[in-house]
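Please open the structure in your viewer and set it to a cartoon view, with side chains hidden for now. The tour below names what to select at each stop and then says what is there.

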Amino acid sequence: MNIMKPHETILQEGNITLRPLADQHLPFLYKWNADPEMLFWSEGDDVQENPPETVNDIYGGVSQNAFCFLVEADGIPVGECWLQKMNIKEIAAKHPGQDVRRIDMMIGEKSYWNRGIGTIIVRLLVDFAFVNQQANIVYGLISDYNIRSRRVFEKNGFKISWRGTTENTSPKANEDYHMMLERK
């Protein structure tokens, strides 16, 4: 029995390839989700570790309504990302009748941080969302302490559509940002 729902989409730009995330990639996900420094940046809550059962639940659940990818740089697994249908009701309700998606990502190999990979990931997922999926709007949901992530979305044309605190705000964040990009 598969934990993750498979798909066949592969996206590529230069040396960065987004491959369908599959159960065979779970060892990478377990490793990255056991690193407190990694989770500081990728999780809103103050999570120190996601045990394998939690990782299975996260990716198994998300993959039911998302295109989940393993990120490779020169053929080396360095992270994961996904494009999913908006799962936050308050945001979806602001755009009735429109296909609203969101992007989540994690560069799991710290030696690959600050190399522009996140910018390429977002660009590939935005193009896929608008061209192949006919989405109307794509969001990135970011907390204020993650300035690198905010810059990645800004480089791809996203603008802040909402800024404030939510009941889900982590103890490490003062504000959350809803970064939004509309199909033109």
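What follows is a walk through a predicted model, going from the sheet to the helices and then to pairs of charged side chains.

**The sheet**

Begin by colouring the strands: eight of them form an open sheet in the order S1-S2-S3-S4-S5-S6-S8-S7, and the pairing is mixed. At the edges you will find strand S1 (11-13) and strand S7 (159-164), each of which pairs on one side only. Looking across this sheet, neighbouring strands are turned by 25 degrees against each other on average, direction ignored.

**Strand S3 and its partners**

Next select S3, which is mostly covered, since eight of its eight residues are buried. If you show the side chains, Ala 66, Cys 68, Leu 70 and Glu 72 point one way from S3, while Phe 67, Phe 69, Val 71 and Ala 73 point the other way.

Add S2 to the selection: S2 and S3 run antiparallel and are joined by five bridges, and Pro 20 stands opposite Phe 69 in S3. Then add S4, which also runs antiparallel to S3 and is joined to it by eight bridges. Here Leu 70 stands opposite Glu 80 in S4, and Ala 73 stands opposite Ile 76 in S4. The hairpin of S3 and S4 has two residues between the strands, and in this hairpin Asp 74 takes a positive phi near 55 degrees.

**Helices to select next**

Which strands does helix H5 touch? Select residues 117-132 and you will see H5 packing on the sheet, where it touches S1, strand S2 (16-20), S3, S4, S5, strand S6 (137-143) and strand S8 (176-182). The direction of H5 makes about 155 degrees with that of S5. Helix H6 (residues 147-155) also packs on the sheet, touching S5, S6, S7 and S8, and its direction makes about 160 degrees with that of S6.

Now move to helix H3 (residues 52-62), in which Val 55, Tyr 59, Gly 60 and Val 62 are buried. The cover over the buried residues of H3 includes helix H1 (26-32), strand S3 (66-73), strand S4 (76-85) and strand S5 (100-107).

**Salt bridges**

For the last stops, show the charged side chains; a search of the whole structure finds nine salt bridges. Select Glu 37 and Lys 110, whose side chains meet in a salt bridge (3.0 Å, N to O). Glu 37 lies in helix H2 (residues 36-42) and Lys 110 in the loop between S5 and H5, so the pair ties together parts that are 73 residues apart in sequence. Glu 37 counts as partly exposed at 40% relative accessibility, and Lys 110 counts as partly exposed at 33%.

Return to H6 and select Arg 151 and Glu 154, which form a salt bridge with the closest N and O atoms 3.3 Å apart. The two are three residues apart in helix H6 and are therefore separated by about one helical turn. Adding Arg 150 shows a network of salt bridges that links Arg 150, Arg 151 and Glu 154.

Finally, select Arg 163 and Glu 175, which form a salt bridge whose closest N and O atoms are 2.8 Å apart. This pair links distant parts of the chain, with Arg 163 in strand S7 and Glu 175 in the loop between S7 and S8, 12 residues apart. Arg 163 is partly exposed at 48% relative accessibility, and Glu 175 is partly exposed with a relative accessible area of 24%.

Methods: Residues are numbered from 1 along each chain as its sequence is written. This is a predicted model: local features need pLDDT of at least 70, side-chain atom pairs count only at pLDDT 80 or more; totals for chains, interfaces and linings use all residues. Side-chain values use heavy atoms; hydrogens and water are left out. Buried means under 20% relative accessible area, exposed over 50%, partly exposed in between (1.4 Å probe, protein chains only). Helices (H or I, at least four residues) and strands (E, at least two) are DSSP runs, numbered from the N terminus. Contact means heavy atoms within 4.5 Å. Two strands pair if DSSP finds at least two bridges between them. Axes are lines fitted to C-alpha atoms, for helices over the stretch in contact, and angles run from 0 to 180 degrees between N-to-C directions. A salt bridge is a side-chain nitrogen of Lys or Arg within 4 Å of a carboxyl oxygen of Asp or Glu.
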